[in-house]
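Thanks for making time this morning. I would like to walk through one structure with you, and I will try to say how each term is defined as I reach it.

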Amino acid sequence: MKVLLVLPVLVPMATAALTLLAFRREGIQRGLGLAGSVVQLVVGAVLLRAVYRGGIPSTQVGSWPWPYGITFVADTFSALMVLLSAIIAVATSIYALSDIDQERRTHGFYPLMHVLLMGTNGVFVTGDFFNLYVWFEVTLIASFVLLVLGNERPQMQGAIKYVAMNLISSALFLTGIGILYGSVHALNMADLSLKLPTLAAPIRTTLAMIFLVAFGIKAAVFPLFFWLPDSYHTPPVTITALFAGLLTKVGVYALVRVFTLLFVSDRDSTHALLLGIAGFTMAVGVLGAVSHREVRRILAFHSVSQVGYMVMGLGLFTMASLAGAIFFVLHHALIKSNLFLISGIMHPHGKEVRLDREGGLLARKPALSACFLVTALSLAGLPPLSGFWAKLLLVRSGLEVGSQRAAAVVATSLVVGLVTLISMTKIWNEAFWKPAPAETDLAAQPNGTRPRVFLYVPVVLLTSLGVTLGFSPDPLLQIVQRAAAQLADPTEYVHAVLGDRAHETPRP
């Protein structure tokens with residue numbers, strides 16, 4: 001079973017190497033890229049099944065014991081994220097068969113995509129802080145090169161903000177690691193969970209704020225989100241969908257891991273701050289979406305807004321709210337990736353989709369219209385789609401907490417849900433429902449010669465998966481409740497990593 005912990009890293013690493021070796025053979029490269037994603041999907045499903053049935057596994061790479069060895073560990077939350085990463089990888093790999101042009105394939109799209117997947121999976125299964133930093137850097141390097149692949153002017157403008165903010169995040173992260181190690185002489189997260197409560201409160205609070213800002217930049221929370229709307233609309237849709245499904249989720253994952261396992265001694269202050277950040281992130285993101293008329297920018301601002309719901313579950317910090325946050329992460333990754341993929345089909349060239357220049361899609365593309373409508377309503381949280389269950393869990397847990405802060409954030413989330421519905425209705429009315437403008441070039445042909453069926457297959461698959469989660473949420477609810485229970489009480493996680501030595505951990 002322990003080999004399953006390293007396969008989420010080894011499979012994309014091997015796929016990246018093989019696609020790099022086959023860089024002059026495009027057909028083989030595309031086949032390897034898709035095959036590698038499918039293998040990741042199988043590994044993710046087997047890992048989740050093993051963790052759910054057998055408990056939390058951990059291993060030390062090279063048999064070096066902690067705190068010297070590299071710890072890999074997967075609780076139910078980690079396993080869910082690995083499986084989610086694989087689902088997004090398969091969908092975008094299929095879409096890329098038609099969407100990614102020859103120049104980007106030649107310049108390394110497939111190796112970079114799988115290096116990115118290796119980095120995100122590494123974040124999900126690592127058990128120590130230094131390797132978390134390493135996997136973040138792997139993710140940053142791969143995502144930056146993917147963002148500028150093609151060397152178009154808008155890409156460069158978006159990439160500058162993206163890399164600048166993420167370098168600040170990396171610097172803060174490294175600073176936090178230095179202070180952490182200097183204070184408690186440990187970086188293993190299970191070990192830290194036992195040592196941090198004994199640390200002086202001012203140092204502990206300082207560390208919590210450093211990591212909150214570092215991971216908050218990656219998660220795109222208020223007020224650190226502006227890199228996201230300026231960068232997500234610039235690369236090809238395949239890359240945007242991959243980013244929307246994974247990048248902010250890596251930041252949210254790190255926030256959840258750190259503020260459930262490590263910084264829980266000062267919840268009245270830290271988690272109250274998280275709750276306030278959640279409310280502002282929801283509100284500012286949705287207002288940004290309402291103010292724009294380009295579809296990918298609208299969706300990017302909605303990504304910011306939806307991150308607020310995920311942080312809301314963390315800020316409330318009950319088992320139910322953590323389950324709601326995890327459900328929301330899974331739901332949003334699938335839905336938002338799908339909406340970006342749909343936006344690539346809305347315009348013949350898959351580029352900028354301005355609402356004032358669009359129209360008549362319902363008549364011209366009824367199947368695409370149906371997929372968009374279902375997915376957009378799910379994003380807004382209408383019953384019985386998956387977004388409804390995610391928001392219901394969060395709202396109900398917020399009401400159960402009963403504090404004024406929780407009530408304020410619950411009210412904000414309900415208003416933001418309504419505005420989200422209005423915003424998605426705007427896209428529906430302008431692009432799908434109204435007649436096409438006279439100047440619309442309906443004869444325009446898409447770039448490339450690949451069959452457009454590869455664009456529709458992942459859209460239909462993700463839409464079907466979203467509908468299935470909405471109409472039959474119970475299996476996933478059971479799994480996220482297990483994941484939330486392990487986060488709320490990390491005893492099993494700590495014991496899985498430290499074993500019997502958990503009770504022998506030296507105090508600083």
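I will take the salt bridges, then the nonpolar core, then the cavities, and finally some backbone details.

Before that, a word on conventions: this is a predicted model, in which local features need pLDDT of at least 70 and side-chain atom pairs count only at pLDDT 80 or more, while totals for chains, interfaces and linings use all residues. Residues are numbered from 1 along each chain as its sequence is written, and side-chain values use heavy atoms, with hydrogens and water left out.

Let me begin with the charged pairs. A salt bridge here is a side-chain nitrogen of Lys or Arg within 4 Å of a carboxyl oxygen of Asp or Glu, and by this rule the count comes to 11. One of them joins the side chains of Asp75 and Arg257, at 2.8 Å from N to O. Asp75 sits in the loop between β2 (70–73) and α3 (76–99), whereas Arg257 belongs to helix α11 (residues 237–261), so this pair ties together parts that are 182 residues apart in sequence. When I name helices and strands, I mean DSSP runs numbered from the N terminus, with H or I over at least four residues for a helix and E over at least two for a strand. Both Asp75 and Arg257 are buried, where buried means under 20% relative accessible area, exposed means over 50%, and partly exposed is in between, with a 1.4 Å probe and protein chains only.

A second salt bridge links Asp230 and Lys161, at 2.7 Å from N to O. Asp230 lies in helix α10 (residues 227–231) and Lys161 in helix α7 (residues 153–184), so here the parts tied together are 69 residues apart in sequence. There is also a network, in which salt bridges that share partners join Glu26, Arg30 and Arg105. For Asp101 and Arg104, whose side chains meet at 2.7 Å from N to O, the surroundings of the two partners can be stated separately: Asp101 is partly exposed, with a relative accessible area of 34%, and Arg104 is buried at 5%.

Now to the interior. In soluble globular proteins, nonpolar side chains tend to be buried together. I use nonpolar core for a set of buried Ala, Val, Leu, Ile, Met, Phe, Trp, Tyr and Cys residues joined through side-chain atoms within 4.5 Å. The largest such core has 170 residues, and those with the most contacts inside it are Phe129, Phe173, Phe215 and Met346. Its largest share, 17 residues, comes from α11. If we leave aside neighbours within four places in sequence, and take contact to mean heavy atoms within 4.5 Å, then the residues in contact with Met346 include Val295, Val353, Leu361 and Phe432.

What space is left unfilled? On a 1 Å grid over the protein atoms alone, a cavity is a set of points where a 1.4 Å probe fits but cannot get out, and lining residues have an atom within 4 Å of a point. Grid points are joined across faces, edges and corners, and a volume is the space filled by probe spheres set on the points. The search of the whole structure finds 3 cavities of 30 Å³ or more, and the largest holds about 90 Å³. Among the residues lining that largest cavity are Phe136, Thr139, Asn166, Lys218 and Leu247. α6 (129–148), α7 and α11 are the elements that give two or more residues to the lining, and α6 gives the most, with 3. Thr139 is placed in helix α6, is buried at 5% relative accessibility, and is in contact with Leu247, again leaving aside neighbours within four places in sequence.

Finally, the backbone. Most residues other than glycine have a negative phi, and most peptide bonds are trans. Against that background, a cis peptide bond joins Phe222 and Pro223, with omega about 0°, and Pro223 is in the loop between α9 (201–219) and α10. Another cis bond joins Pro383 and Pro384, the latter in the loop between α16 (366–380) and α17 (386–401). Positive phi occurs at His185, near 55°, which is exposed with a relative accessible area of 55%. Phe317 also has a positive phi of about 55°, but Phe317 is buried, at 17% relative accessibility.

Definitions and conventions. 1 Å grid on protein atoms, 1.4 Å probe; cavity = no way out; pocket = protein on both sides within 12 Å on 5 of 7 lines; lining within 4 Å.
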